[in-house]
Amino acid sequence: MSNSLTYKYPKIFKLESGKKLRHLEIAYQTFGTLNVNKDNVIWACHALTANADVLDWWKGLFGTKDLFNPEEHFIICANILGSNYGTTNPLSINPTTGQPYYLAFPEFSIRDLAAIHQLLADHLGIKQVKTLIGGSLGGQQALEWSILGKTEIENLILVATNAAHSPWGIAFNESQRLAIATDRTFFANQPNGGLKGLKTARSIALLSYRTYEAYNETQLESVNDKVTDFRASSYQNYQGEKLCKRFNAYSYWYLSKAMDSHNVGRGRKSIVDALKLVKANTLVVGIENDILFPITEQQFLAQHIADAQFSSIKCAYGHDGFLIETDKLTNIIGHFLKESKNKKIIKLQHIA
Ligand SMILES: CC(=O)SCCNC(=O)CCNC(=O)[C@H](O)C(C)(C)COP(=O)(O)OP(=O)(O)OC[C@H]1O[C@@H](n2cnc3c(N)ncnc32)[C@H](O)[C@@H]1OP(=O)(O)O
Ligand SMILES: N[C@@H](CCO)C(=O)O
C-alpha cells in the first residue's frame with residue numbers, strides 16, 4: 001500500500017535565484033492507489049524536520065482509520081529539497097566536485113520547493129489535486145504551489161502558516177543559525193559538523209513551538225527545594241539531542257533560510273494580489289496560542305484568499321499543535337471537505 005520512490009529529474013533545475021542544480025533527486029512516498037479518474041489525490045507538504053512518511057508524522061489525520069485514508073485516497077508526500085530524508089541536500093554529492101556540497105549548496109526558496117512539487121506532479125501525470133495540505137513550512141509550500149497555478153487544486157488547507165515569514169520568525173531562525181555558527185565544526189564540512197550548534201538551535205526553536213503553559217504543564221517541579229538540575233533544563237537538552245540523532249546542521253541551516261525567504265508578494269504586485277491568485281476552495285486553520293505563526297497571520301490569509309474559510313483550534317502546545325491536535329483538525333477539515341463537496345454538486349447541477 002505504501003511506496004518509497006525517488007524521481008531523478010533528468011534536466012537541470014533552475015532555482016528562483018538563477019542558480020542551477022544538477023542531478024536533482026526527489027524522494028517521495030505514495031500511499032493507496034490513483035483511481036481511474038485521477039481525482040483522489042491528497043498531497044501533503046511536510047514542515048521543517050519531517051519526511052515523506054506522512055502516515056507516520058501526521059498519524060491521526062493520515063492513516064487507514066483516519067480522514068485521509070489510503071484505502072480511499074492516493075496520498076503523496078515528497079521530502080523537500082535540502083532535507084536529509086532522501087531528496088537532494090547539502091550532504092549530497094556535488095557533481096562538479098565529486099564531494100558533498102555542505103556549505104556550497106545553493107540557497108533556495110519556498111517557491112523552489114513548490115516548483116519541485118510541480119515537477120513531481122508532472123512526472124506522475126497528476127493534473128488535479130483533490131486536497132493539498134500543509135502546516136507551518138508545509139503550509140508555506142502549499143500556498144506557493146497554489147499561487148503557481150499550474151496544477152488544478154480543488155481544496156487547499158493551510159494550517160499554522162503565513163503569507164510572508166515575519167520579522168519575529170526570521171529573528172528566531174537567525175538566532176538558531178547563530179547557535180550553529182558558534183560551533184566551529186560546522187565550517188569543517190563534515191557529515192556531523194555543527195551538531196553541538198544544532199542541539200542549541202533546536203532548544204531555541206522549541207521555545208517558539210511550545211508555550212509558557214505547556215512548560216508549566218509538563219516541566220513544573222514537584223518540589224520547591226531545587227536550585228539546579230531542573231526538569232525544563234533536562235527537557236531542552238533531550239530535545240536538542242533527539243534532533244541531532246536524526247538530522248544534520250547543514251540541512252537545518254538551509255531549510256531555515258528557505259523559511260525566511262517566504263513572501264508570496266516577492267516579484268508580484270503585492271502580497272494581497274498574490275493571494276488573489278489562489279483558485280482553490282481554501283480552509284485556513286490557526287492555533288490560538290501559536291507564538292511563532294500567530295493567529296493574525298492565518299486571519300490575514302483567510303481575509304485575502306477569495307471565499308476562504310477560517311477556523312481556529314485551542315492547543316496548550318502552541319505552534320506544534322498542528323502535528324498533535326489531529327482530532328480537532330479531523331473535525332474541522334472533515335466538515336470543510338463535506339461542504340466543499342456539496343458546493344461542487346450544486347455547481348454541477350446548475351451547469352447541467
Ligand atoms: C525519522 C523521524 O523520526 S522523522 C519524523 C519525526 N519528526 C517529525 O515528523 C517532525 C515533527 N514532529 C515533532 O516536531 C514532534 O515529534 C512533535 C511536536 C509532534 C511532538 O514532540 P515530542 O518531542 O514527541 O513531544 P514532547 O515535546 O511532549 O516531548 C516528549 C519527549 O520528551 C521527553 N521528556 C519530557 N520531559 C523531559 C525532561 N524533563 N527531560 C528529558 N526528557 C523529557 C519525553 O520522554 C519524550 O521523549 P521521547 O520523544 O523519546 O518519547
Ligand atoms: N516541529 C516541527 C517544526 C514546526 O514547524 C518540525 O520539527 O518539523
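Is E288 buried, exposed or partly exposed? Let us begin with that residue and then widen the view, keeping in mind that this is a predicted model. E288 has 13 other C-beta atoms within 10 Å, and because a residue counts as exposed at 12 or fewer and as buried at 20 or more, E288 is partly exposed. You will find E288 in the loop between β11 and α10 (295–304). Setting aside the neighbours within four places in sequence, its contacts are I295, S312, I313 and K314. S311 is another residue to look for here: 23 residues separate E288 and S311 along the chain, and their C-alpha atoms are 9.9 Å apart.

From this loop, step back to the whole chain. It is divided into two parts, domain 1 (2–165 + 263–351) and domain 2 (169–258). Their C-alpha centres lie 26 Å apart. Where the two domains meet, 25 residues of domain 1 are in contact with 21 residues of domain 2. On the domain 1 side, the touching residues comprise 13 nonpolar, 10 polar and two charged ones.

Now turn to the sheet. Eight strands form an open sheet with mixed pairing, and if you follow them across, the order is β1-β4-β6-β5-β9-β10-β11-β12. The edges are taken by β1 (2–8) and β12 (309–313); each has a single partner strand, so one side of each is left without a neighbour in the sheet. Neighbouring strands are turned by 20° against each other on average, direction ignored.

Strand β9 (128–135) is a good place to pause. Six of its eight residues are buried, so β9 is largely enclosed by the rest of the structure. With β5, strand β9 pairs in the parallel sense over four bridges, and one bridge to look for joins A44 to I133 in β9. With β10, β9 also pairs in the parallel sense, over seven bridges; here Q128 stands opposite E152 in β10. Moving on along the sheet, β10 (residues 152–159) and β11 (residues 281–287) are again parallel, with five bridges between them. N155 is found opposite N281 in β11.

Two helices can be placed against these strands. Helix α2 (residues 110–124) packs on the sheet and touches β1, β4 (25–31) and β6 (74–78), with its direction at about 60° to that of β4. Helix α3 (residues 137–148) lies across β5 (41–45), β9 and β10, and runs at about 145° to β9.

With the sheet in place, we can look at the ligands. Why does ligand 1 lie between the two domains? Domain 1 and domain 2 both give residues to its shell, so the ligand lies between them. In all, 15 residues surround ligand 1, and the closest are A50, W57, S234, Y238 and D320. The elements that give two or more residues to this shell are α6 (212–219), α7 (231–244) and α11 (321–324). Of these, α7 gives the most, with five residues. By class, the shell around ligand 1 has six nonpolar, six polar and three charged residues.

Ligand 2 has its own set of surrounding residues: A47, L48, T49, A50, S136, L137, Y209, H319 and D320. They divide into five nonpolar, three polar and one charged. If you compare the two sites, you will meet A50 and D320 around both ligand 1 and ligand 2.

Finally, the backbone has two spots that deserve a glance. Most residues other than glycine have a negative phi. N189, however, has a phi near 50°, a positive value in a residue other than glycine. N189 sits in the loop between α4 (167–181) and α5 (195–209), and because it has 17 C-beta neighbours inside 10 Å, it counts as partly exposed. D229 likewise has a positive phi, near 55°. D229 lies in the loop between α6 and α7, and with 8 other C-beta atoms within 10 Å, D229 is exposed. The helices on either side of this loop, α6 and α7, are among the elements already met in the shell around ligand 1.

Key. Residues numbered from 1 in each chain as written. Chains lettered and ligands numbered in written order. Predicted model: local features only at pLDDT ≥ 70, side-chain atom pairs only at ≥ 80, totals over all residues. Near = placed C-beta within 6 Å. Nonpolar A, V, L, I, M, F, W, Y, C, P; charged D, E, K, R; others polar. Domains from an automatic or database assignment. Pairing = 2+ DSSP bridges. Axes fitted to C-alpha atoms, helices over the stretch in contact; angles between N-to-C directions. Contact = placed C-beta atoms within 7 Å.
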